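Reader: Hello! I would like to go through this model label by label and hear what stands behind each term. Let us begin with the strands.

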Amino acid sequence: MAERSPAYAGIRPVALAVIRDGSRLLVREYRTGRGGRYYRPLGGAIHFGERGADAVRREIREELGEAIGIVRHLGTLENIFERDGQPAHWIVLLFEAEFVERARYASERIQGVEGDGERIEARWIDVCQPLEGPLYPEGLLELLGTN
């Protein structure tokens with residue numbers, strides 16, 4: 001009989017920062033292999049032994065060099081999807097957050113760096129307007145009450 005993988009194999013716990021300014025949401029834009037685009041709030045994997053709120057603070061500090069205040073746990077979404085031809089399963093903790101430095105809300109784009117040194121850019125999108133691609137995780141717009 002073939003050995004089965006543990007039930008949790010491949011499940012990734014993720015914490016994302018929902019940073020809003022009116023109807024604007026701070027996101028990172030990603031490109032697909034087919035030339036499309038999609039958007040996702042900033043954040044990333046929760047490390048073993050790390051609480052979700054601490055993970056989102058760490059991720060924003062690492063990626064943008066900015067401090068955020070966590071307002072509250074907004075909700076949890078579960079997404080099962082395909083990424084780079086591989087199945088993926090994310091449990092996503094979403095946290096409403098705000099920049100400590102209020103001047104960040106005046107910037108249309110915020111430059112940053114991923115943990116591997118890749119340059120990134122966060123930008124504001126108006127979630128009340130049609131987007132040029134999907135917003136992930138699935139269910140976020142409904143959770144925000146904009147859809």
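Reader: What is the bridge partner of Ile 11 in β6?

Author: The partner of Ile 11 in β6 is His 89. Before we go on, please keep in mind that this is a predicted model: local features need pLDDT of at least 70, side-chain atom pairs count only at pLDDT 80 or more, and totals for chains, interfaces and linings use all residues. Residues are numbered from 1 along each chain as its sequence is written, and side-chain values use heavy atoms, with hydrogens and water left out.

Reader: What makes β1 and β6 a parallel pair, joined by how many bridges?

Author: Strands here are DSSP runs of E with at least two residues, helices are runs of H or I with at least four, and both are numbered from the N terminus. Two strands pair if DSSP finds at least two bridges between them. β1 and β6 run parallel and are joined by nine bridges, so they satisfy that rule.

Reader: Which strand does β1 pair with over two bridges, and in which sense?

Author: That is β2 (residues 24-31), in the antiparallel sense. Two is what the rule asks for, so the word "pair" still applies. Asp 21 stands opposite Arg 24 there. The hairpin of β1 and β2 has two residues between the strands, and in it Gly 22 takes a positive phi near 65 degrees. Three bridges also link β1 to β4 (residues 43-45), again antiparallel, with Leu 16 opposite Gly 43.

Reader: How many bridges join β2 to β8?

Author: Five, and these strands run antiparallel; Arg 28 faces Ala 122 in β8. Strand β7 (residues 109-113) also pairs with β8 in the antiparallel sense, over five bridges. In that case Arg 109 has Arg 123 as its partner. Between β7 and β8 the hairpin has five residues, and Gly 117 takes a positive phi near 95 degrees.

Reader: On to the interior. Why is a set of residues called a nonpolar core?

Author: The name calls for buried Ala, Val, Leu, Ile, Met, Phe, Trp, Tyr and Cys residues joined through side-chain atoms within 4.5 Å. Buried means under 20% relative accessible area, exposed means over 50%, and partly exposed lies in between (1.4 Å probe, protein chains only). The largest such core has 20 residues, and Ile 19, Leu 26, Leu 64, Ile 68 and Phe 99 have the most contacts inside it. Two or more residues come from each of β1 (11-21), α1 (52-64), β6 (86-99) and β8 (119-126). The largest share, five residues, is that of α1. A second, separate core has 18 residues, including Leu 25, Val 27, Ala 88 and Trp 90.

Reader: Which residues does Leu 64 touch?

Author: Contact means heavy atoms within 4.5 Å. Not counting residues up to four places away in sequence, Leu 64 touches Leu 26, Leu 42, Phe 99, Ile 110, Gln 111, Gly 112 and Ala 122.

Reader: What makes an empty region a pocket and not a cavity?

Author: On a 1 Å grid over the protein atoms alone, a cavity is a set of points where a 1.4 Å probe fits but cannot get out; a pocket is an open set with protein on both sides within 12 Å along at least five of seven lines, and lining residues have an atom within 4 Å of a point. The largest pocket has a volume of about 660 Å³, where volume is the space filled by probe spheres set on points joined across faces, edges and corners. Of its 21 lining residues, Tyr 38, Phe 81, Glu 82, Arg 83 and Asp 84 lie nearest the centre. β5 gives the most to this lining, with four residues.

Reader: How does the lining of the largest pocket divide by residue type?

Author: There are nine nonpolar, four polar and eight charged residues. Here Ala, Val, Leu, Ile, Met, Phe, Trp, Tyr, Cys and Pro count as nonpolar, Asp, Glu, Lys and Arg as charged, and the others, Gly among them, as polar.

Reader: Last one: why is Tyr 136 called buried, exposed or partly exposed?

Author: Its relative accessible area is 31%. That value falls between the two limits given earlier, so Tyr 136 is partly exposed. Tyr 136 is found in the loop between β8 and α2, and its peptide bond to Pro 137 is cis, with omega near 5 degrees. Leaving aside neighbours within four places in sequence, Tyr 136 is in contact with Tyr 38, Tyr 39, Arg 40 and Pro 41.
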